[in-house]
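Trainee: I would like to go through this model step by step. Where should we begin?

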Amino acid sequence: MVFPWSPGANEMKIGLTYDLRSEYLSLGYSEEDTAELDKTETIEGIEKALHSLGYQTERIGNARSLMMRLLNGKRWDLVFNICEGIFGDGRESLVPAILDDWQIPYVFSGAATMALTLNKALCKRVVRDAGIPTPDFCLVRSLHDLDKPKPAFPLFLKPVMEGSGKGIGEHSLIWTEEEFSRVCRHLLQRYDQPVLVETYLPGREFTVGICGNGPDARVIGVMEVVFNKAVMEIYSYENKQNYKEVVEYHKVEGEMAEKCGLLALQVWDATGSRDSGRVDMKLNDRGQPEFIEINPLAGLNFKDSDLPILARMNGMNFTQLIDAIMQAALKRIFGSETHTVMMRNEQYSYYPA
Ligand SMILES: Nc1ncnc2c1ncn2[C@@H]1O[C@H](COP(=O)(O)OP(=O)(O)O)[C@@H](O)[C@H]1O
Ligand SMILES: [Mg+2]
């Protein structure tokens, strides 16, 4: 495959940044600490897809490894970044911010979007401001907040900035003051961050895959997530990894797909998300979809991550998905200018290689 600007894909060197789960486990971090991080198999899958599209790749690894390589003079034409990070409320923004500083283009959202979407409450404010439906909510930051006004029961409680089902389980659905106070205490203590208290959405659940930027943003597919058991029983980070036993995925078409797709595109726009990601939503008691969260770093395991699964359901294999993501990024970054990627980097880079 050759891009409009020479020299073409086969001369592009793509760096891969990622946080390998096994690396952090061997350093003594827990299964839960590392729940969002990636398996070697995931990196290999992305690498294989990029190679078959004609790109050269180089494994960089995590943010620290990126920093060391940059200081040692290493450069890439583009970085394919799936670093989730592990510490702090800017953990997904770290690699994008470093790459911005070194003027190295990268795939997926920038630092501001990553920080916004990691914090589900901040993100809900932005989404709500854009007129997109999302459950009413409040935050419990400390025990002093327990008596403050909140939406009516039933409520759904979760840590405000986690992913992969962390902190979500049978305790999340709340019907009484007693449960509310007990679960808030538990979540505050266990996750050391505010508790997001939302109106419970009782209806069907959907996830929407998006690819592209600005006017090119499009829905890859809409998938219903059907839990074989009560969702609260199985929705924990451990179980999510055995999702096949408890979750069924169905392709959604027709009017519901249109509605969910439109909501997802509006969220995509409001959050300034880039290249590709996934938007989660659920139906309210009137059967209308409401926004739950957006994943600007959607899992990319070729076998069992939601985005590749929903792409596959819609006739797009894993390599085609990676191709679509790369095309979106390249168009966003380099437009249709005839500069070569190399020239552009030389021209604009402040840091000598
Ligand atoms: N307000 C809510 N009402 C009902 N179910 C919810 C609500 N918020 C989250 N859930 C359930 O919990 C799951 C995980 O929540 P989500 O915010 O997507 O967390 P994660 O980042 O871990 O994927 C959702 O897929 C959904 O099943
Ligand atoms: Mg989710």
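Mentor: Start with a term: donors are N, O and S atoms within 2.8 Å of the metal (3.2 Å for Na, K and Ca), and sites may look incomplete because water is not among the atoms. This is a predicted model, in which local features need pLDDT of at least 70 and side-chain atom pairs count only at pLDDT 80 or more, while totals for chains, interfaces and linings use all residues. Residues are numbered from 1 along each chain as its sequence is written, chains are lettered from A and ligands numbered from 1 in the order in which they are written, and side-chain values use heavy atoms, with hydrogens and water left out.

Trainee: Which residues are the protein donors of the magnesium ion (ligand 2)?

Mentor: The donor atoms are an OD and an OE, lying 1.9 to 2.2 Å from the ion. One residue sits in strand β12 (residues 276–283) and the other in strand β13 (residues 289–295), 13 residues apart; strands are DSSP runs of E, at least two residues, and helices runs of H or I, at least four, numbered from the N terminus. Both residues are buried, that is, under 20% relative accessible area, with exposed over 50% and partly exposed in between (1.4 Å probe, protein chains only). The donors are Asp 280 and Glu 293.

Trainee: Is Lys 166 buried or exposed?

Mentor: Lys 166 is found in the loop between β6 (155–159) and β7 (173–174). Its side chain reaches the backbone oxygen of Glu 32 at 3.0 Å. The relative accessible area of Lys 166 is 9%, so the residue is buried.

Trainee: Which element gives the most to the largest nonpolar core?

Mentor: A nonpolar core is a set of buried Ala, Val, Leu, Ile, Met, Phe, Trp, Tyr and Cys residues joined through side-chain atoms within 4.5 Å. The largest one has 43 residues, and Leu 50, Phe 80 and Ile 322 are among those with the most contacts inside it. Elements that give two or more residues to this core include β1 (13–17), α2 (40–52) and α12 (306–313). The element that gives the most, with 10 residues, is α13.

Trainee: What percentage of the contacts with a separation of 6 or more comes from residues 24 or more positions apart?

Mentor: Contact means heavy atoms within 4.5 Å. Leu 50 is one example: leaving out residues up to four places away in sequence, Leu 50 touches Ile 14, Phe 80, Ile 322 and Met 326, among others. For the chain, the value is 69%.

How values were computed
Polar contact = N/O pair within 3.5 Å; in protein donor to acceptor, adjacent residues only side chain to side chain.
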